[in-house]
Amino acid sequence: MILNNEKIIKALEYIKSEDDNTTQETLTMCQIPAPSHQEKKKAEYVLEKFKEIGLLNVHMDAVWNVLGTWPGDGDGPVIMLAAHTDTVFPIDTDVTVKKEGSRYYCPGINDDTHAVAEIMAVAKAMVRYDIHAHGDIIFCANVCEEGLGDLKGVKYIFNNDNNIDAFVSVDNPVTGGVVYTATGSHRYKVTFTGNGGHSFADFGLPNPIHAMGRAIAKISDFKAPKLPKTTFNVGVIEGGTSVNTISASASMLMDIRSDSDEELERLTEEFMNAVESAVEEENARWDADKPQVKADIEVKGVRPAGTQDPDCPIVTAAFDAARMLGIEPELRDESSTDANIPISMGIPAITIGRGGNEGGVHTVHEWFEPVESWLGPQRDLILILLLAGFEDVAEPVIKKR
Ligand SMILES: [Zn+2]
């Protein structure tokens with residue numbers, strides 16, 4: 001039993017005793033602005049911390065992911081424990097921490113800054129008590145998890161040479177939460193353009209806004225299965241200058257999501273066809289010698305889909321680790337996370353919850369309350385040891401690729 005191991009008992013106690021420092025680290029880091037694609041300063045901070053802790057091969061890669069390795073004592077599976085440095089908040093957002101009662105308020109304080117502090121706490125405990133799993137543990141503070149980041153950080157890691165056998169991201173509001181599916185998404189911006197003119201004097205010109213309306217009408221009638229869950233949405237429309245102007249342009253943002261890549265592809269094709277025929281119909285509606293409307297489709301994001309068995313070893317291990325500490329584990333629905341990339345490649349991966357209480361995620365009123373927050377990193381430590389194997393008390397549940 002892993003909890004009876006002398007080193008583990010000490011490491012868990014240490015993580016608990018370090019909890020104020022972990023909170024302090026969270027407060028320091030969340031005051032470094034780090035929107036997706038602008039995480040460099042925060043990443044540099046993490047880089048120094050990883051070195052200070054004593055991880056090996058600490059480096060920042062080309063896209064500003066920060067990685068550090070704690071070597072295994074055998075040739076067990078390689079496990080990556082990750083948390084993301086980026087936030088959804090623009091660079092000029094006020095990120096001064098405010099304390100009210102026992103709550104700390106700061107945009108991005110939980111998602112996912114507190115998780116970065118958590119994985120540092122895990123690394124510290126492993127180094128301090130010389131805890132080596134059978135396989136290497138790679139600690140990773142990755143960039144670009146949030147919408148506009150389009151998983152750039154984790155895509156970079158898995159698209160380049162790597163020997164990672166399983167991936168765990170700490171990025172869920174419920175400590176015992178386990179996300180095991182990967183909802184894929186395709187996002188597009190469609191810009192309809194035309195000559196534009198006066199609504200009365202130039203009447204008879206094909207109209208970009210009307211063409212967009214035709215496209216949206218078609219999209220509204222799309223069919224999507226309940227299972228695998230598949231959705232579509234035109235989320236933003238823009239365009240037009242005045243009520244009596246035939247606009248020269250109009251644009252819309254389209255979001256298609258599914259747990260199945262086939263459904264994603266099918267709906268994407270229907271969407272492309274809808275835009276094309278909307279343009280054709282709008283042009284055909286008016287005289288052929290008039291300047292025509294065109295549509296340009298720009299890809300804004302692609303996240304691959306994938307599923308795992310809810311009873312697969314990595315999920316079971318996450319449940320076991322939580323229960324050992326008295327945390328109630330639960331399967332969660334939010335399913336577009338950094339784990340999407342490894343899941344879509346068939347590599348075992350999950351996203352698990354952060355410690356402590358939290359709320360207001362993705363709003364400027366985001367707050368963190370350090371209540372039993374040490375349970376997060378304690379569970380993370382046990383989980384990675386179960387996955388990679390530890391001494392003679394835990395056989396690795398992950399197989400090497
Ligand atoms: Zn997040």
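# A walk through the fold, from Phe 50 outwards

Let's start at Phe 50, which sits in helix 3, the run of residues 40-53. This is a predicted model, so treat everything below as computed from that prediction. Is Phe 50 buried or exposed? With a relative accessible area of 1%, Phe 50 is buried, since the cut-off for that label is under 20%.

Who keeps Phe 50 company? Leaving aside neighbours within four places in sequence, its contacts include Leu 55, Val 58, Val 66, Leu 67 and Gly 68. Further along the chain, Phe 50 also touches Ile 119, Met 120, Phe 139, Cys 140 and Ala 141. Take Met 120: it is 70 residues from Phe 50 in sequence, yet the two C-alpha atoms are 7.3 Å apart. That fits a broader pattern in the chain: among contacts between residues at least 6 apart in sequence, 80% join residues at least 24 apart.

Some of those partners lead us into the sheet. Val 58 falls within strand 1 (56-60), while Val 66 and Leu 67 fall within strand 2 (residues 66-70). Strands 1 and 2 pair in the antiparallel sense over three bridges, and His 59 stands opposite Leu 67 of strand 2. Zoom out and you find eight strands in an open sheet, ordered 1-2-6-3-7-16-8-15, with mixed pairing. Strand 1 and strand 15 (330-331) are at the edges; each has a single partner strand, so one side of each has no neighbour in the sheet.

Back to the interior. The largest nonpolar core holds 62 residues, and Phe 50 is among those that touch the most other members, along with Met 126, Phe 139, Ile 314, Ile 350, Leu 383 and Leu 385. Pick Leu 383 from that group: not counting residues up to four places away in sequence, Leu 383 touches Val 168, Ala 317, Ala 318, Ala 321, Ile 350 and Ile 352. There is also a second, separate core of 21 residues, including Val 190, Ala 250, Val 275 and Val 293.

Now over to helix 1, residues 6-17. Its 12 residues reach 17 Å from the first C-alpha to the last, close to the 16 Å expected at 1.5 Å a residue. Which of its residues are buried? They are Ile 8, Ala 11, Leu 12, Tyr 14 and Ile 15. Looking down the helix axis, these buried residues fall within an arc of 160°, so they line one face of helix 1. The cover over them includes helix 2 (19-30), helix 4 (109-128) and helix 10 (375-388). On the other side of helix 1, Glu 6, Glu 13 and Ser 17 are exposed. The N-terminal end of helix 1 is capped by Asn 5, with a side-chain oxygen 2.9 Å from the backbone nitrogen of Lys 7.

Another asparagine is worth a stop. Asn 340 lies in helix 9 (residues 340-344), and Asn 340 is buried, with a relative accessible area of 0%. What does Asn 340 touch, not counting residues up to four places away in sequence? The list is Leu 151, Ala 182, Thr 183, Gly 184, Arg 303, Pro 304 and Ser 335.

Finally, step back to the whole chain. It has 10 helices and 18 strands, and its C-alpha trace spans about 85 × 45 × 35 Å along the principal axes. Of the 401 residues in the chain, 54% are buried.

Terms used:
Residues numbered from 1 in each chain as written. Heavy atoms only, no water. Helix = DSSP H or I, 4+ residues; strand = E, 2+ residues; numbered from the N terminus. Expected span 1.5 Å × (residues − 1). Buried < 20%, exposed > 50% of the residue type's maximum accessible area, 1.4 Å probe, protein only. Arc of directions from axis to C-beta. Contact = heavy atoms within 4.5 Å. Polar contact = N/O pair within 3.5 Å; in protein donor to acceptor, adjacent residues only side chain to side chain. Core = buried A, V, L, I, M, F, W, Y, C linked by side-chain atoms within 4.5 Å. Pairing = 2+ DSSP bridges.
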